[in-house]
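Got your viewer open? Load the model, find the selection box, and let's take a walk through it together.

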Amino acid sequence: MGKESGGSSPSKPNRRRGKGKPSNRGKELKWIPLGGMGEIGKNISALQYGDEMIVIDCGLKFPEEDMLGIDLLIPDVSFLEQNRGKIRGIFITHGHEDHIGGLPYVLPKLDVPVYATRLTIGLIKNKLAEVCPRYKPVFHEIGAGDTVDLGSFSVRAIAVCHSIPDALAYGIRTPAGVVLHTGDFKLDAQPIDGRTTDYGAFAELGREGVLLMLSDSTNVEREGFTQSERTVGRTFEQLFRLHKDKRIVIATFASNLHRAQQVFNIAMRYNRKVALVGRSMIAYVDLARKLGYVSAPDDLFIPAQEADGMQPNRVVVLTTGSQGEPFSGLVLMSKGEHRQIKLGNRDLVVISATPIPGNEKLVSRTINMLFSCGCEVVYERDQAIHVSGHASREELKMMISLVRPRCFAPVHGEYRHLVRHAQLAKDLGVPAKGVFVMSNGDVLSLSQGGKGRVEGRVQAGTIMVDGLAVGEFQGSLLKERRELAQDGILTIAVALGPDGSVRGVDMDSRGFLHRQDAKDLYGELERAVAKALEAPMGDDAMRTAIRKSAREVLSRYTKGYPAIVPLLVRQG
């Protein structure tokens, strides 16, 4: 192992291969997914052998539309906290949010080393600086081909293509056998950075014998092969050529640095300057340029505030907002609320992404607003403006055929993806009794003989992050927010004299009928509350009586009730 380091200078492990020091021979190997099963995002799992454990990834998931006020969702890692002393390290496959986004909230609790590539470490550092700037983690920088020996685990990093540079798969040797985690991958024969998926490493593991294969399931429903990222570059080239008189605005994922590189290359060829818009876009490109993952001269870039003052055919705007995120650069432009860039009929907007499941309405709304600004908008999938970073069905078949695992568990996908990927493995000869469709918290036990069984569960679930507050995913809190959004709130303040008598009743509301719109209703409510409190009673009984009397009145006027908040004010 290399020397440990703090947050500023990650160290490199020795680039050597080995089978580790299996101090727990005879124990069963356990794989425990804690997120990413039956869902898109929140990827995290653990491998345990005896009293030793490693963790792979720690991501987040974005909230559903009905999760009002929730910023993001992270995995419940109670199981890992209880076993913190067993964890030898966290291995990260790549720098996407669904694989690193949970670290700022989880890593300080576990306080274990993190193993990742240089770019991924840089992205993690940026996230930690935002959420927990005082925490000083220990990073170990690794690269494709490196092997890290940690007790019973010998972890080999394997290069794979994805929609972000430096993505890795992991071949993990244990005393019970080899586990392969593919990470997110595709088989791009002509990647932008020239770093291809290492077929040889996967074939070598297949010849050695893989006990358990964990494989990305995201695109299992897509037939054929995923197109090369260079396809998008050719489409951009054509758009630049056909729209020489327009300003071109391209919205894509900030993390898709290969796509950003293609935009920069084409912009230079067409003598255009590039304005970066969106905090994450600026941060990703800045970091990638500093670390050498993106090549572009300083004079290519202009501040966003200069874009409106230049000739349209001399500017490209690269922005966030491809998923219709409410405060992203593209959405603010579409609403006319961006402080620096105003869209109009001189603009061609290219949405270089497909909506993540659940974001379809947001994206559709953004496209409509862009058209209302007078823009020409290119967003259709058949125009080759986006390609996935995940393997399609034929690529998944190739990977299973290369590896020929004894046991197989699909990961990273909604439940239907997991089921279809499991069936694909069976069709390719993996024994049915060795194929497992898991849920978060399930425990898969594996013996050296290649037999596996799902037995028992550990605590797993979702933790919601609301601003800086982190708490359990409690249905009651979200239920209250939905009720407030649907029916509003009614406060009933009762002034009480020293003897407990009612001196007055006042009401106010938000999201419910205002007094000027329903004077008779408010008057009836005040009379009903005053009457309900005529008899002496304690404070709790008073609050109950207020709610009950108010609901009785409201039931004659409306089917739904606002949230009723009684306030007791005692006067001297």
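Here is a tour in several stops, with something to select at each one.

**Stop 1: the whole thing**

Start with the full cartoon view. Keep in mind that this is a predicted model. The protein has 572 residues, and 55% of them are buried. Color by secondary structure and you'll be looking at 15 helices and 28 strands. How do the contacts run along the chain? Taking contacts between residues at least 6 apart in sequence, 71% join residues at least 24 apart.

**Stop 2: a sheet with mixed pairing**

Now select β9, β10, β11, β12, β13 and β20. Together these six strands make an open sheet, in just that order, with mixed pairing. Which strands stand at the edges? They are β9 (147–150) and β20 (407–411); each has a single partner strand, so one side of each is left without a neighbour in the sheet. Go from one strand to the next and the twist averages 15°.

Zoom in on β13 (residues 210–216) and β20. These two run parallel, paired over five bridges. To see one pair, pick aspartate 216 and look for its bridge partner in β20, valine 411.

**Stop 3: two helices on that sheet**

Add helix α11, residues 393–403. α11 packs on the sheet and touches β12 (177–181), β13 and β20. Compare directions: α11 makes about 170° with β13.

Next, add helix α12, residues 415–427. α12 lies across β13 and β20, and its angle to β20 is about 155°.

**Stop 4: a leucine in a loop**

Select leucine 428. You'll find it in the loop between α12 and β22 (442–446). Is leucine 428 buried or exposed? Neither fully: its relative accessibility is 36%, so it counts as partly exposed. Leaving aside neighbours within four places in sequence, leucine 428 is in contact with Lys397, Ile400 and Ser401. Try a distance label too: the C-alpha atoms of leucine 428 and arginine 404 are separated by 8.7 Å, with these positions 24 residues apart along the chain.

**Stop 5: a parallel sheet**

Clear your selection and pick β16, β15, β17, β14, β18 and β19. That is the order of another open sheet of six strands, and here the pairing is parallel. β16 (301–302) and β19 (376–378) are at its edges with a single partner strand each, so each has one side without a neighbour in the sheet.

Look at the β16 end. β15 (residues 273–277) pairs with β16 over two bridges, in the parallel sense. Alanine 275 has isoleucine 302 of β16 as its bridge partner.

Then bring in helix α6, residues 230–242. α6 lies across β14 (247–251), β17 (315–319), β18 (347–351) and β19, and runs at about 155° to β14.

**Stop 6: a covered helix**

Select residues 103–110, which is helix α3. How many of its eight residues are buried? Six, so to speak of α3 as mostly covered is fair. Color them to see them: Leu103, Pro104, Tyr105, Val106, Leu107 and Leu110. Step past the end of α3 and you reach aspartate 111, whose phi is positive, near 50°.

**Stop 7: empty spaces inside**

Switch on a surface and clip into it. There are two cavities of 30 Å³ or more. The largest cavity holds about 110 Å³ of space. What lies nearest its centre? Of the 15 residues that line it, those are Cys161, His162, Pro191, Asp193 and His258. The lining has six nonpolar, three polar and six charged residues.

The second largest cavity has a volume of about 50 Å³. Among the residues lining it are Trp31, Met37, Ile56, His181 and His412. Two strands, β1 (29–35) and β3 (44–49), each supply at least two residues of this lining. By class, the lining is five nonpolar and five polar, with no charged residues.

**Stop 8: a pocket**

For the last stop, go to the second largest pocket, with about 210 Å³ of space. Select some of its lining, including Asn219, Arg222, Phe225, Arg381, His386 and Ser392. How does the lining divide by class? Into three nonpolar, seven polar and two charged residues.

How values were computed. Residues numbered from 1 in each chain as written. Predicted model: local features only at pLDDT ≥ 70, side-chain atom pairs only at ≥ 80, totals over all residues. Heavy atoms only, no water. Buried < 20%, exposed > 50% of the residue type's maximum accessible area, 1.4 Å probe, protein only. Helix = DSSP H or I, 4+ residues; strand = E, 2+ residues; numbered from the N terminus. 1 Å grid on protein atoms, 1.4 Å probe; cavity = no way out; pocket = protein on both sides within 12 Å on 5 of 7 lines; lining within 4 Å. Points joined across faces, edges and corners; volume = space filled by probe spheres on them. Nonpolar A, V, L, I, M, F, W, Y, C, P; charged D, E, K, R; others polar. Pairing = 2+ DSSP bridges. Axes fitted to C-alpha atoms, helices over the stretch in contact; angles between N-to-C directions. Contact = heavy atoms within 4.5 Å.
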